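Trainee: I'm new to this structure and would love a close look at a single part of it. Could you walk me through the place where the two domains meet, and help me get my bearings first?

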Protein chains: 2
Amino acid sequence: MTRRRYLVLAPDRFAIDAKTAHGVIRYGADDVVAVVDPSCAGRRVCDVLPHLRSEAPIVASVAEALPLKPTALLIGTAPRGGALPPSWRQDILTAIAARLEIVSGLHDMLDDDLEFHAAAMRSGATIWDVRKPPDVPIFSGAAYDVAAPILLTVGNDCAIGKMSVALEIVDAARDAGKTNPRFVPTGQTGIMIAGWGISVDRVVADFAPGAAEQLVLYAAHEGADLIVVEGQGAINHPAYAPVTLALMFGSAADALVLVCDPRRRHIEEYATPALGYRALIDLHEALLATVKPAPVIGIALNTRGLSDDEARAEIARAKTETGLPADDVVRFGAAGFYKDVAPRIVKRPQLGSHV
Amino acid sequence: MTRRRYLVLAPDRFAIDAKTAHGVIRYGADDVVAVVDPSCAGRRVCDVLPHLRSEAPIVASVAEALPLKPTALLIGTAPRGGALPPSWRQDILTAIAARLEIVSGLHDMLDDDLEFHAAAMRSGATIWDVRKPPDVPIFSGAAYDVAAPILLTVGNDCAIGKMSVALEIVDAARDAGKTNPRFVPTGQTGIMIAGWGISVDRVVADFAPGAAEQLVLYAAHEGADLIVVEGQGAINHPAYAPVTLALMFGSAADALVLVCDPRRRHIEEYATPALGYRALIDLHEALLATVKPAPVIGIALNTRGLSDDEARAEIARAKTETGLPADDVVRFGAAGFYKDVAPRIVKRPQLGSHV
């Protein structure tokens, strides 16, 4: 597989909240040759966001970056309010004319836009709307027969790092001697990072566990010796809990890692209180106990916004309250955490498998 | 609203398993003027299935039934194997040419079939694919402000009577003095019975709770003084549990009625064991306790296949094991059950509503 040379489009948002751009730069298998954001043009990525450790230049337009020979344009953020501003449209059309692959995680499918579709037909560029799910079958139970252990990240809310934790665990597992640990992407940023996957939240509800199962089967087919599935939502999220449950049952998980931002008081914009460690462990394990019992084997904390001392105190509290390994694997590295949880990652049988 | 005069298409299956046809004949607000099934042509519905209490004639073709002046053709069963047999196609085209409304709950959308679509354009017939969901917003929490109490049926598996129980409870509530109790349909048969609704299992996963919420808001807008939501799937169904959870959170239920077929040993074709009364109550209540606490207030048993004595023994066992009202409301009537559960149907607040 040839690596893409990405040009990342993130106008006016790169330094602020371009989550997809940041994820792909930090964790992506592809190269990033430049970022398009007029508001920080002339600087490098590492000047603006040192933790991304990239020296790629930031430029003002797609046209300006073409001499760097990108092969693909990645839409690295969503436009405020949803509709594409005219300047974005021009940048995307310039990329299509230059025959760059267009990779978009926007809700609106770019390939359904007549102007983009027609321009791509003319130039021969392809448009990959990563949120558009393929047709998948109903969950069959085939995932129960996968030989590799299956780990799933779950959490106390959205946007707290379930994808990053999954990626860090895969890296740590490789460093610890696994030959082919695989990250399984279930949302648009994860898909862009890995270059494959299904946006499970965009699948018709009846088929969402089937989508999770197909992803696990694909990783198994690729010879994975550890499968780490990116979680979504939260089990008590009033709107997204069904997707969380689809991943829990559909991935046929053998074990869960619980990702928590301890500062969350309630679920996103809802009044629903965020749950504590013990309540989250009990609820996930009670649900899985009815289909394929699997334990929570560790707590991955997101201590962003806390000092080092505060972070270590919170990690200690999580360990004491749950009796499980705990750490912030993004902040302090995943090697120690992986070493602690690895003995707990074992294959488990579904219930009633001899019916 | 003018009542439809339905012609029900159920070739070769009417006497066997035409679940949609049976539901619409037994519970539907519209009239059924005839059934098309060559295998029992010449008899009446009550000759073949006495419990449906209908004297509508069974005929061999749509053409034969047109003198009865039907206004709509209801596809009352699904073709074996999925693809439409040629004889069905001819019957549907005859109905379209006669300008009957075509009402279909098939997975494949009839209005996407070029021949049907073109024929309907010519004759002016409309095609209503009831499984095709409308666009709905993400769950907002507006359902928490609905004044009428909201009841949801849940169960120990699919196809055990969650819809029938909801319909029987609505009838019993009306008989007991409620002025406007409303059934909320969430699947194709329920939609055909009520003439509105959303097939929640066909909604994109992220939007499924939002679909349930919109249905509840619609019932409230229509002035309901009791809202009874048709449940789907089962909370430990490996494939359909996400839809079950979407209805639990999205409907903002104040109370649940647990529908159980006590003879189920496992979930449909999966190895997953069916849960007992207590386990089902605990799991549903534990989930709802994290968002909007709501209790299970009664057990509605499906005792099909048991003798009267066996049925009464099972009902007694359910009462003893759970301490809740229990009955088979389809077999023995819902009046007594409703009287027992009515005091337990009270409005409840969401968690954290003063955040």
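Mentor: Happy to! Let's start with the chain as a whole and then move in. Chain A has 12 helices and 12 strands. Its radius of gyration is 21 Å, close to the 20 Å that the globule rule gives for 355 residues, so chain A is as compact as a globular protein of that length. Please keep in mind that this is a predicted model. If you follow the C-alpha trace of chain A along its principal axes, it spans about 55 × 50 × 45 Å. Of the 355 residues in chain A, 54% are buried. Now think about which residues touch: among contacts in chain A with a separation of 6 or more, 73% are between residues 24 or more positions apart.

With that picture in mind, let's turn to the part you asked about. The domain assignment splits chain A into domain 1, covering 5–129, and domain 2, covering 142–344. Between the C-alpha centres of domain 1 of chain A and domain 2 of chain A there are 28 Å. Where they meet, 10 residues of domain 1 of chain A are in contact with 8 residues of domain 2 of chain A. On the domain 1 side, look for helix α1 of chain A, residues 19–27: this helix gives the largest share of the side that touches domain 2 of chain A, with 5 residues. Sorted by class, that side of domain 1 of chain A has 5 nonpolar, 4 polar and 1 charged residues. So a good way to find the meeting place by eye is to locate helix α1 of chain A, since the largest share of the domain 1 side comes from there.

Technical notes
Residues numbered from 1 in each chain as written. Chains lettered and ligands numbered in written order. Predicted model: local features only at pLDDT ≥ 70, side-chain atom pairs only at ≥ 80, totals over all residues. Domains from an automatic or database assignment. Contact = placed C-beta atoms within 7 Å. Helix = DSSP H or I, 4+ residues; strand = E, 2+ residues; numbered from the N terminus. Nonpolar A, V, L, I, M, F, W, Y, C, P; charged D, E, K, R; others polar. Rg over C-alpha atoms; globule rule 2.2 N^0.38 Å. Buried ≥ 20, exposed ≤ 12 C-beta atoms within 10 Å, placed from the backbone.
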